[in-house]
Amino acid sequence: MFPKAGETVPEVRFPEFTGDWEQRKFKDLVFKSGKKNKKNLPYESFSITNESGFVSQNERFENGGTMKDADKSMYIIVSPNSFAYNPARINVGSIGYQALGKNVIVSSLYEVFKTSHEVDDHFLWYWFKSDHFKRLVESLQEGGVRLYFYFDKLQKGELWLPPIEEQRKIGGYFKSVDNLITLHQRKLFIIAYIK
């Protein structure tokens, strides 16, 4: 549901949308949003994984991990409806969307950003999971042994965007498919557990 290279519209599309998609620069669509936790507020610490996005360090590590009682004034506050990623792990898909309904914190190594009103977050989330984003990262990352993809590199990137109404429809469609998959996985888990 995203245009192939050299195309301005995707092959598969909702019938009510017909116009061309527009190539846009990320610098016009996203902005840094994370703030340092200067007051060392007791927000819950999170990590970002390839599989699950935002994951509580309390759940990921026994007893909350080694950083549980550490000073977290250098951590970054991530408000709801923000994206975050580790610049050294983005090449393997470690990006998350914070939809927890509360502020949380992540390591100061992370890049944290929000989108402008021209972008539907769900649409962008699924675009980040596509080969289009992987190719963007590969073309703009920098470094030697370890490669990095900092926020300034993201801002240099481009993507094809449909009008916001079509973005919302595509994002909603993918979200409903994800929910359906999760439901079936739970059913299979319950069936396997009962047996």
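Trainee: Which residues have the most contacts inside the largest nonpolar core?
Mentor: First, a heads-up: this is a predicted model, where local features need pLDDT of at least 70 and side-chain atom pairs count only at pLDDT 80 or more, while totals for chains, interfaces and linings use all residues. Residues are numbered from 1 along each chain as its sequence is written, and side-chain values use heavy atoms, with hydrogens and water left out. A nonpolar core is a set of buried Ala, Val, Leu, Ile, Met, Phe, Trp, Tyr and Cys residues joined through side-chain atoms within 4.5 Å, and buried means under 20% relative accessible area, with exposed over 50% and partly exposed in between (1.4 Å probe, protein chains only). The largest one here has 29 residues, and those with the most contacts inside it are F26, W127, F128, F133 and L154.

Trainee: Which element gives the largest share of this core?
Mentor: Elements are DSSP runs numbered from the N terminus: helices (H or I, at least four residues) and strands (E, at least two). Those that give two or more residues to this core are β7, β8 (95-98), α2, α3 (131-140), α4 (151-156) and β13 (158-161). With six residues, the largest share comes from α2.

Trainee: Which residues does F128 touch, leaving out those up to four places away in sequence?
Mentor: F128 is one of the residues with the most contacts inside the core. Here, contact means heavy atoms within 4.5 Å. With residues up to four places away in sequence not counted, F128 touches F26, F83, I95, F113, F133 and L154.

Trainee: How many residues are in the other core?
Mentor: In general, nonpolar side chains of soluble globular proteins tend to be buried together. Apart from the largest core lies another, with F46, I48, V104 and V106 among its members. Its residue count is ten.

Trainee: How many residues of β10 are buried?
Mentor: β10 covers residues 111-115 and is mostly covered. Of its five residues, the number buried is four.

Trainee: Which residue in β10 stands opposite K32?
Mentor: Two strands pair if DSSP finds at least two bridges between them. β2 (residues 30-32) and β10 do so in the antiparallel sense over three bridges, and β7 (residues 82-85) also pairs with β10 in the antiparallel sense over three bridges. On the β7 side, Y85 has E111 as its bridge partner. On the β2 side, K32 stands opposite F113.

Trainee: Which strands stand at the edges of the three-strand open sheet?
Mentor: The order in that sheet is β3-β6-β9, with antiparallel pairing. Two of these strands have a single partner strand each, so one side of each is left without a neighbour in the sheet. Those edge strands are β3 (35-36) and β9 (104-106).

Trainee: Which residue in β9 stands opposite I77?
Mentor: β6 (residues 76-78) and β9 run antiparallel, joined by three bridges. Opposite I77 stands I105.

Trainee: How many residues does the hairpin from β4 to β5 run through?
Mentor: β4 and β5 pair in the antiparallel sense over four bridges. One bridge has S47 partnered with V55 in β5. The hairpin joins the two strands through a number of residues equal to three.

Trainee: What is the phi of N40?
Mentor: N40 lies in the loop between β3 and β4 (46-49). At a relative accessible area of 35%, N40 is partly exposed. Its phi is positive in a residue other than glycine, near 55°.

Trainee: Which residues lie nearest the centre of the largest pocket?
Mentor: On a 1 Å grid over the protein atoms alone, a cavity is a set of points where a 1.4 Å probe fits but cannot get out, while a pocket is an open set with protein on both sides within 12 Å along at least five of seven lines; lining residues have an atom within 4 Å of a point. By class, this lining has five nonpolar, five polar and four charged residues (Ala, Val, Leu, Ile, Met, Phe, Trp, Tyr, Cys and Pro count as nonpolar, Asp, Glu, Lys and Arg as charged, and the others, Gly among them, as polar). Of the 14 lining residues, those nearest the centre are S52, Y97, W125, Y126 and D178.

Trainee: How much space lies in the largest pocket?
Mentor: For a volume, grid points are joined across faces, edges and corners, and the space filled by probe spheres set on the points is taken. For the largest pocket, that gives about 480 Å³.

Trainee: What percentage of the residues in the protein are buried?
Mentor: The protein has five helices and 13 strands, and its C-alpha trace spans about 55 × 50 × 35 Å along its principal axes. Of the 195 residues, the buried share is 40%.
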